[in-house]
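Subject: A structure for you to look at

Hello,

I am passing on the structure we spoke about, and I would be glad if you looked through it before reading my notes underneath.

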Amino acid sequence: MASMIDFHCHLDLYREPERVANEAQERGVAVLSVTTTPSAYGRTKMLAEGRPAIRTALGLHPELAAERRHELSHFEQIVPSVGFVGEIGLDGSPRFASSRSAQLEVFAHILRACTEVGGRILSIHSRSATMQVLDELGRAPNSGTPVLHWFSGSSRQARIAIDRGCWFSVGAPMLATSKGRDLLAMLPAERILTESDGPFTTTNGRQTTPVDIPRAVGLLAGLWGVTAAECEQQLRDNLRTLLAQHPDLPDERTL
Ligand code: MN
């Protein structure tokens, strides 16, 4: 098993995806390589070829729901063969208000498709839509294990998400704000994974990549009052637990 975990990274959206993928593999960072459309899945999966630390998730990003809902049939064709689904979810920010019904239709459709194949590990976007995401997950209780990526809801919503069995992938930007740290302090350590969300985040003025995960680990270790090594061990244990909840995933290799 890899020593560190980047559970939400858009490898295919870097200018040099092969270089970023190689660095992650060489440095022992396990990467969940999420995609934003079903049509991006095939070529993104090629980045995992020969790189056992990388897993590719099948996604349809809420920001693209309206223009790409015709790809849902493509999603259904691929989902039986993948263990991980993401990036999926809902975005309630005003910018995407016009696509809200399309977002809901796409997200509900995806959760049904995941239910039909026996459940998947889900990397979920929930910006300004935490309760709507939790409601949809509540309607699809057998769709898999939700991992809320870059959670930004309220502390009350965090408590509900915890009660509903959600996991959380967290990155350095979340750990850098007092609101994020306050939320993190509430979340059970055994349901946390780290993420870069690269290339949409920056570290020292450049795009964050999976090899920047040690920074998030260091911040998390500080918050938990443990050493970086202890923190890494906790995160590896967490990933093992998560995968053990899904012994029948089609992608049989463990991260
Ligand atoms: Mn993302």
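Please keep in mind that this is a predicted model.

I began with the cysteines. The sulfur of C231 lies 19 Å from the closest cysteine sulfur, which belongs to C9, and that is too far for a bond, because a disulfide needs two cysteine sulfur atoms within 2.5 Å. C231 also counts as buried, with a relative accessibility of 0%. The structure as a whole holds zero disulfides, and C166 is accordingly in none, the nearest cysteine sulfur being that of C114, 14 Å away. Like C231, which is buried, C166 is buried, and its relative accessible area is 0%.

I then turned to the pockets. The largest pocket contains about 380 Å³ of space, and among the 14 residues that line it, those closest to its centre are H61, E63, H125, R127 and D197. Sorted by class, its lining is made up of seven polar, four charged and three nonpolar residues.

The second largest pocket holds about 230 Å³ of space, and helix 1 (17–26) and strand 10 (206–207) are the elements that each give two or more residues to its lining. Helix 1 contributes the most, with three residues. The residues that line this pocket include L13, Y14, R15 and E16, as well as T209, V211 and D212. By class, the lining of the second largest pocket has six charged, four nonpolar and two polar residues.

Best wishes

Definitions and conventions. Residues numbered from 1 in each chain as written. Predicted model: local features only at pLDDT ≥ 70, side-chain atom pairs only at ≥ 80, totals over all residues. Heavy atoms only, no water. Buried < 20%, exposed > 50% of the residue type's maximum accessible area, 1.4 Å probe, protein only. 1 Å grid on protein atoms, 1.4 Å probe; cavity = no way out; pocket = protein on both sides within 12 Å on 5 of 7 lines; lining within 4 Å. Points joined across faces, edges and corners; volume = space filled by probe spheres on them. Nonpolar A, V, L, I, M, F, W, Y, C, P; charged D, E, K, R; others polar. Helix = DSSP H or I, 4+ residues; strand = E, 2+ residues; numbered from the N terminus.
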